[in-house]
Amino acid sequence: MFERLQQFLASLSGGDGKPTFAADDPRVAVMALCIQVMEADGKVLEVEKKALRARFKEFYGVDEAELDALVAAGTDAESEAIDFFRFTSELKRQLSEEQRVDLIGLLWEIVYADGERSEMEDHAIWRIADLMGVSGRERIMKRQEVAGRVGVAGEKEEQDEA
């Protein structure tokens, strides 16, 4: 009986056995924001893609099939979005303040995967942090923390732009 129920449910979702994610799944919104930040400087490097996949596997404990489906769902959501608000408004409701700050840290890790940050990546994270209620101080502290951890030289103290 249980197998028949599983088969029925699989048939409703196309029956291909691939994991699917609800539109309001916070992991899809996080993936979409990561993709938007990754694309902010106009180039998406393989090292950034690898960093994104590694962090998602570590952070969410997903296997390769789930990760592939999550990347696809995030890519689709990102391509349909006109701005960050679609994702940040949902995440602001679903995540605690600490989780939102940690998300900003994750975004910095994606930025620094190639060893540098661009003005466009910096601006994207500033905007995302602002929309999610993460202070400029917390955003900068996360940036400096990640830069120090990955060994990026030249990151100095700076004042909040906001």
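# Reading the salt bridges and the core

This structure holds 15 salt bridges.

User: Before we get to those, what am I looking at, and how many helices and strands does the protein have?

Analyst: You're looking at a predicted model. Start with the secondary structure: the protein has eight helices and zero strands. Going along the sequence, the pattern reads α-α-α-α-α-α-α-α.

User: How much of the protein counts as buried?

Analyst: Of its 162 residues, 38% count as buried. Then look at the outside: the protein exposes about 9,400 Å², and carbon and sulfur atoms supply 51% of that area.

User: What do contacts along the chain tell me, and what share join residues at least 24 apart?

Analyst: Here you take contacts between residues at least 6 apart in sequence, and ask how far along the chain they reach. In this protein, 71% of them join residues at least 24 apart.

User: Let's go inside. Which residues touch the most other members of the largest nonpolar core?

Analyst: The general idea is that in soluble globular proteins, nonpolar side chains tend to be buried together. Here, the largest nonpolar core has 41 residues, and Phe56, Leu103 and Leu107 touch the most other members. Helices 2, 3, 4, 5, 6, 7 and 8 each supply at least two residues of this core. Helix 2 gives the largest share, with ten residues.

User: Which residues does leucine 107 touch?

Analyst: Skip the residues up to four places away in sequence, and leucine 107 touches Leu33, Cys34, Val37, Ile125 and Ile128.

User: Back to salt bridges. How do I read one, say between glutamate 116 and lysine 43?

Analyst: Look for a side-chain nitrogen of Lys or Arg within 4 Å of a carboxyl oxygen of Asp or Glu. The side chains of glutamate 116 and lysine 43 fit, at 3.8 Å from N to O. Next, ask where the partners sit. Glutamate 116 is in the loop between helix 6 and helix 7, and lysine 43 is in the loop between helix 2 and helix 3, so the pair ties together parts that are 73 residues apart in sequence. Glutamate 116 is partly exposed, with a relative accessible area of 44%, and lysine 43 is partly exposed too, at 39%.

User: What else is in that loop with lysine 43, and where does aspartate 41 lie?

Analyst: Aspartate 41 lies in the loop between helix 2 and helix 3. A polar atom of its side chain is 3.1 Å from the backbone nitrogen of lysine 43. Leaving out residues up to four places away in sequence, aspartate 41 touches Glu48, Asp114, Ser118, Met120 and Glu121. You can also check C-alpha atoms: those of aspartate 41 and glutamate 119 are separated by 7.8 Å, with their positions 78 residues apart along the chain.

User: Which residue forms a salt bridge with arginine 55?

Analyst: That's glutamate 58, with the closest N and O atoms 2.8 Å apart. Both residues lie in helix 3, three residues apart, about one turn of the helix. Compare their surroundings: arginine 55 counts as buried at 18% relative accessibility, whereas glutamate 58 counts as exposed at 59%. The pair also belongs to a network of salt bridges that links Arg55, Glu58, Asp102, Glu109, Lys142, Glu145 and Arg149.

User: And what about arginine 86 and glutamate 80, how far apart are their closest N and O atoms?

Analyst: Those atoms are 3.9 Å apart, and the two residues form a salt bridge. Arginine 86 is partly exposed, with a relative accessible area of 38%, while glutamate 80 counts as exposed at 58%.

User: Now arginine 100. Why does it have no salt bridge, and how far away is glutamate 97?

Analyst: Start with the distance. Arginine 100 is buried, and the nearest side chain of opposite charge, glutamate 97, is 5.1 Å away. The cut-off for a salt bridge is 4 Å, so that pair doesn't count.

User: Which backbone oxygens does the side chain of arginine 100 reach?

Analyst: From its place in helix 6, the arginine 100 side chain reaches the backbone oxygen of leucine 95 at 3.1 Å and the backbone oxygen of methionine 132 at 2.7 Å. Setting aside neighbours within four places in sequence, arginine 100 is in contact with Leu91, Lys92, Leu95, Met132, Gly133 and Val134.

Conventions:
Residues are numbered from 1 along each chain as its sequence is written. This is a predicted model: local features need pLDDT of at least 70, side-chain atom pairs count only at pLDDT 80 or more; totals for chains, interfaces and linings use all residues. Side-chain values use heavy atoms; hydrogens and water are left out. Helices (H or I, at least four residues) and strands (E, at least two) are DSSP runs, numbered from the N terminus. Buried means under 20% relative accessible area, exposed over 50%, partly exposed in between (1.4 Å probe, protein chains only). Lys and Arg count as positive and Asp and Glu as negative; His and the chain ends are not counted. A polar contact is a pair of N or O atoms within 3.5 Å; within protein, one must be able to donate a hydrogen and the other to accept it, and residues adjacent in sequence count only if both atoms are side-chain atoms. Contact means heavy atoms within 4.5 Å. A nonpolar core is a set of buried Ala, Val, Leu, Ile, Met, Phe, Trp, Tyr and Cys residues joined through side-chain atoms within 4.5 Å. Accessible areas come from the Shrake-Rupley method with a 1.4 Å probe; for residues, only the protein chains shown count as cover.
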